[in-house]
Amino acid sequence: MSLWQQDWISELPAPVRDEVLRCMPRRHYGSGNIIYRAGEPGNELFRVESGNVRIFNVSEDGRELLYDLFPVGTCFGESSLIDRGLRPHTTQAIGEVVLQVLSREHFERAWKVYPEVSWAVARLQTSRARRLYGFYERVSLDALCRRTARRLWLLAKTMGQQCDDGIHFDIRITQDDIGSLVAGSRQSVNKVLRQWQEDGVIDLAYGSLVVREMAELERLAMQND
């Protein structure tokens, strides 16, 4: 299971996967619609069939902290079904989104009947824990430019659209968003991005971000590995 394609359902044996998917009706969300809010009870889990989903929280003073962006294939919302806790964050549709939805009833039945389900979910949670540990390690040890390069490279691979002039994003990614994703200030991230623009790696024209040199971005992301 890759860090960016966290789809435990696709890992299931075909008969089990088909049974789980039969219990997952589709639900449509318009751009900007909230899927669930932090503090709400959690009685469903979701799988992104089309579109993208952002996961974030809002501080007491109204500032938004972006945690992640979920592309097609990502499963999310399992934790509240497992520990019966409230939703720890808010999720929102980016553009038109179609989700497959599994209720608590069907999830708990699948968990009990099919050992493959519990193992797949456990692997997903372990993968996310490892990713979190790795993130905090990089925040402590890596330079900001390397963290930023890693995040942009990953976003380009999972959400980018290859065009003649480079890789474009269908969603708007602000410098504040990038700062949240790499635990850096907007001002610091801006310096890194402006330098890369001068070097021809990216283009920040017209308020959008285009990756011009994917190979160089990957080199920046993976240097010193």
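This tour proceeds through a predicted model, selection by selection.

**Stop 1: the salt bridges**

Begin with the charged side chains, of which the model contains 15 salt bridges. In general terms, side chains of opposite charge can pair when their charged atoms come close.

Select Glu-49 and Arg-26. These two residues form a salt bridge in which the closest N and O atoms are 2.8 Å apart. The pair connects distant parts of the chain: Glu-49 belongs to strand 3 (residues 44–58) and Arg-26 to strand 1 (residues 26–29), with a separation of 23 residues. With a relative accessibility of 28%, Glu-49 is classed as partly exposed, whereas Arg-26, at 55%, is exposed.

Move next to Arg-128 and Glu-78, whose side chains meet in a salt bridge at 3.3 Å, N to O. Arg-128 is part of helix 4 (residues 115–141) and Glu-78 is part of helix 2 (residues 78–83), so this salt bridge ties together parts that are 50 residues apart in sequence. Is Glu-78 buried or exposed? Its relative accessibility is 0%, and because buried means under 20%, Glu-78 counts as buried. Arg-128, at 21%, counts as partly exposed.

Now select Arg-104 and Glu-108. Their side chains form a salt bridge of 3.5 Å, N to O. Both residues are in helix 3 (residues 104–113), where they are four residues apart, about one turn of the helix. Arg-104 has a relative accessibility of 12% and counts as buried, while Glu-108, at 25%, counts as partly exposed. Add Arg-84 to the selection: salt bridges with shared partners join Arg-84, Arg-104 and Glu-108 into one network.

**Stop 2: a cavity beside helix 3**

Keep helix 3 in view and display the enclosed space. There are two cavities of 30 Å³ or more, and the second largest holds about 60 Å³ of space. Which residues line the second largest cavity? Select Glu-19, Val-20, Cys-23, Leu-102, His-106, Arg-109 and Ala-110 to show the lining. Helix 3 provides the largest share of this lining, three residues. Helix 1 (14–22) and helix 3 each contribute at least two residues to it. By residue class, the lining of the second largest cavity comprises four nonpolar, one polar and two charged residues.

**Stop 3: Thr-91 in strand 6**

Select Thr-91, which is located in strand 6 (residues 90–103). Its relative accessibility of 0% places Thr-91 among buried residues. With neighbours within four places in sequence set aside, which residues are in contact with Thr-91? The contacts are Asn-33, Ile-34, Ile-35, Tyr-36, Val-53, Arg-54, Ile-55 and Phe-76. Colouring these residues separately from Thr-91 will display the surroundings of this threonine.

**Stop 4: the hairpin of strands 7 and 8**

Select strand 7 (residues 160–163) and strand 8 (residues 166–169). The two strands run antiparallel and are joined by four bridges. They form a hairpin, with two residues between them. To locate one facing pair, select Cys-163 together with Gly-166 of strand 8, which stands opposite.

**Stop 5: helix 6**

Continue to helix 6 (residues 175–182). This helix is mostly covered, six of its eight residues being buried. Which residues of helix 6 are buried? They are Gln-175, Asp-177, Ile-178, Gly-179, Leu-181 and Val-182. Extend the selection to Ala-183, which follows helix 6 and has a positive phi, near 55°.

**Stop 6: Ala-221 in helix 8**

Finish at Ala-221, a residue of helix 8 (residues 214–222). Its relative accessible area is 0%, and Ala-221 is therefore buried. Not counting residues up to four places away in sequence, Ala-221 touches Arg-146, Ala-149, Arg-150 and Trp-153. For a final distance display, select the C-alpha atoms of Ala-221 and Phe-107. These atoms are separated by 38 Å, and the two residues are 114 residues apart along the chain.

Notes:
Residues numbered from 1 in each chain as written. Predicted model: local features only at pLDDT ≥ 70, side-chain atom pairs only at ≥ 80, totals over all residues. Heavy atoms only, no water. Buried < 20%, exposed > 50% of the residue type's maximum accessible area, 1.4 Å probe, protein only. Salt bridge = Lys/Arg side-chain N within 4 Å of Asp/Glu carboxyl O. Pairing = 2+ DSSP bridges. 1 Å grid on protein atoms, 1.4 Å probe; cavity = no way out; pocket = protein on both sides within 12 Å on 5 of 7 lines; lining within 4 Å. Points joined across faces, edges and corners; volume = space filled by probe spheres on them. Nonpolar A, V, L, I, M, F, W, Y, C, P; charged D, E, K, R; others polar. Contact = heavy atoms within 4.5 Å.
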